[in-house]
Amino acid sequence: MPKTILPKGSKKLLNAWAFYDWANSVYNLVISSAIFPIFYGALTLVKDEDGKVLDDTVRFLGIDFNNDTLISYVTAAAFLMVSFLSPLLSGIADYVGNKKMFMKFFCYLGAFSSIGLYWFNMDHLWFGLLCYFMALIGFWSSLVFYNSYLPDIAFPEQQDAISAKGYSLGYIGSVLLLVICLAMILKFDTFGFEDESTPTRLSFVLTGLWWIGFSQYTYYHLPKGNKKENFTKDILFNGFKELKLIWSKIKANIPLKRYLGAFFVYSMAVQTIMLVATYFGIEELDWGKTDSTTGLIVSILLIQIVAVLGAYVTSRCSTRFGNINTLIVLNVIWIIICVFAYTITTPMEFYITASAVGLVMGGIQSLSRSTYSKLLPEDAVDTTSYFSFYDVSEKIGIVIGMLSYGYIAQLTGSIRYSIIFLGLFFLVGMILLTRVNKKAP
């Protein structure tokens, strides 16, 4: 029996699209934010009996790096690769009308690379960093195609709500898996493990399997795409031509162009903070008798849970006050968070900061995506190429953010100054948002 093609705006189609957030967000939580940063810190930091860091130097390719600097540079390099691949592949995908194939490829690349982190150790550091590098590329590249489906499957009046629902599902699903992993790590003896190392590594395997397994529901219902022509040897150049055309259209659309500029600035701060928050907690806080691993994972869980509420509240506020006005307020809140984070020293202060971050993190991500979608021309059919500009802006911003974070931390000897520097990006982003046409959504 042939599969039924679901019409645009169909509840089942919208839910299937949003469910990919449930599938892939476990990478963002387990690998990017929670367990892997703690695992990496345990491998690369030498501490005394009181937990004080004695040595944070890592030798890689014959060069000595600060451990934070090394991982930030690898992260920046991966995002630089993504920023190059996104416009190239998205243009091709729109041209041949098979964006789902590309989305699957990068999904599986990211998932299997996450599984490969099981074998991460200092004896084979290059392999572990390569898996980390490829997993990051797989995750973010798959999002290019995932995000580009939004205007294809949802009408403008549906996009804020379904975008927020996707993020909410992602937060709930990733928290569920993190709780399972946390239980294995903290109660390793109950599960028959000799120490924390094995269940920690198994968390990376579970992340990959979760990602692959739950994404199948999304792939079953999403359309393949609107095929334009057969694949030919000239298709690569046609992809570049289409991107050039999209750029011309963006420049002619003043609200869209100004919004992209603002998004580029504030997004680099949002994404960088999300990537370095755990490293900040590891090195800058005095955990005392509190187990730092448990405390950090609890704070990450807190962020995820509160983010569900944040995405919902932001969606309601955007309906009442408008997307741009709501984004301006969110940037102001982020500035306050950065200033407060500079001063914190205790776990309780870190939990308070984590709660505030969660409240605005989910909101600013979901609303940024749906605002961009609403600003696209109504007759836009090559939506993947449009979203490649959105994603490239985000990825290049992350490259700048991570390099700035690593450089300032190494220059000053403290991550705190990096956080203050990121706060300036929110200030500039807020100012740029005020220049977007007030008639924009």
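**Entry 1: Y20 and its partners**

I started at Y20, which sits in helix α1, residues 11–33. The model I am reading is predicted. Is Y20 buried or exposed? Its relative accessible area is 0%, so I noted Y20 as buried.

Next I looked up how far Y20 is from Q216. Along the sequence, 196 residues separate Y20 and Q216. In space their C-alpha atoms are 8.7 Å apart.

I then turned to Y146, which belongs to helix α5. Y146 has 0% relative accessibility and therefore counts as buried. Y146 and Y20 are 126 residues apart in sequence. From C-alpha to C-alpha I read 8.0 Å for this pair.

**Entry 2: Helix α5**

Y146 led me to the whole of α5. This helix covers residues 125–148 and has 24 residues. How far does α5 reach from its first C-alpha to its last? I found 35 Å, close to the 34 Å expected at 1.5 Å a residue. I also checked its cover. Of the 24 residues in α5, 20 are buried, and I noted the helix as mostly covered.

**Entry 3: Helix α3 and its distant contacts in sequence**

I moved on to T69, in helix α3, residues 67–96. Buried means under 20% relative accessible area. T69 is at 3%, so it counts as buried. I paired T69 with Y407. They are 338 residues apart in sequence, yet their C-alpha atoms are 7.5 Å apart in space.

V74 is also found in α3. Its relative accessible area is 13%, so V74 is buried. I looked up V74 against M402. The pair is separated by 328 residues in sequence and by 9.5 Å in space, C-alpha to C-alpha.

**Entry 4: A nonpolar patch**

Y407 came up again at the surface. Which residues make the nonpolar surface patch with Y407? I listed Y73, L403 and L411 beside Y407. The patch is about 420 Å². Helix α14, residues 383–412, gives the most to this patch, with three residues.

I checked L411, which lies in α14. Exposed means over 50% relative accessible area. L411 has 62%, so I noted it as exposed.

**Entry 5: A positive patch**

My last stop was a charged part of the surface. K251, K257, R258 and R435 form a positive surface patch. Where is R435 placed? I found R435 in the segment after α15, whose residues are 415–433. Partly exposed covers the range between the buried and exposed cut-offs, under 20% and over 50%. R435 has 43% relative accessibility, so it counts as partly exposed.

**Recap**

I have Y20 in α1 and Y146 in α5, with 8.0 Å between their C-alpha atoms. I have T69 of α3 at 7.5 Å from Y407, C-alpha to C-alpha. On the surface I have one nonpolar patch that includes L411 and one positive patch that includes R435.

How values were computed. Residues are numbered from 1 along each chain as its sequence is written. This is a predicted model: local features need pLDDT of at least 70, side-chain atom pairs count only at pLDDT 80 or more; totals for chains, interfaces and linings use all residues. Side-chain values use heavy atoms; hydrogens and water are left out. Patches are made of residues with over 30% relative accessible area and no salt bridge: like charges are joined within 9 Å, nonpolar side chains (Val, Leu, Ile, Met, Phe, Trp, Tyr) within 5 Å. Accessible areas come from the Shrake-Rupley method with a 1.4 Å probe; for residues, only the protein chains shown count as cover. A salt bridge is a side-chain nitrogen of Lys or Arg within 4 Å of a carboxyl oxygen of Asp or Glu. Lys and Arg count as positive and Asp and Glu as negative; His and the chain ends are not counted. The place of a charge is taken as NZ of Lys, CZ of Arg, CG of Asp or CD of Glu. Helices (H or I, at least four residues) and strands (E, at least two) are DSSP runs, numbered from the N terminus. Buried means under 20% relative accessible area, exposed over 50%, partly exposed in between (1.4 Å probe, protein chains only). The expected span of a helix is 1.5 Å times one less than its number of residues.
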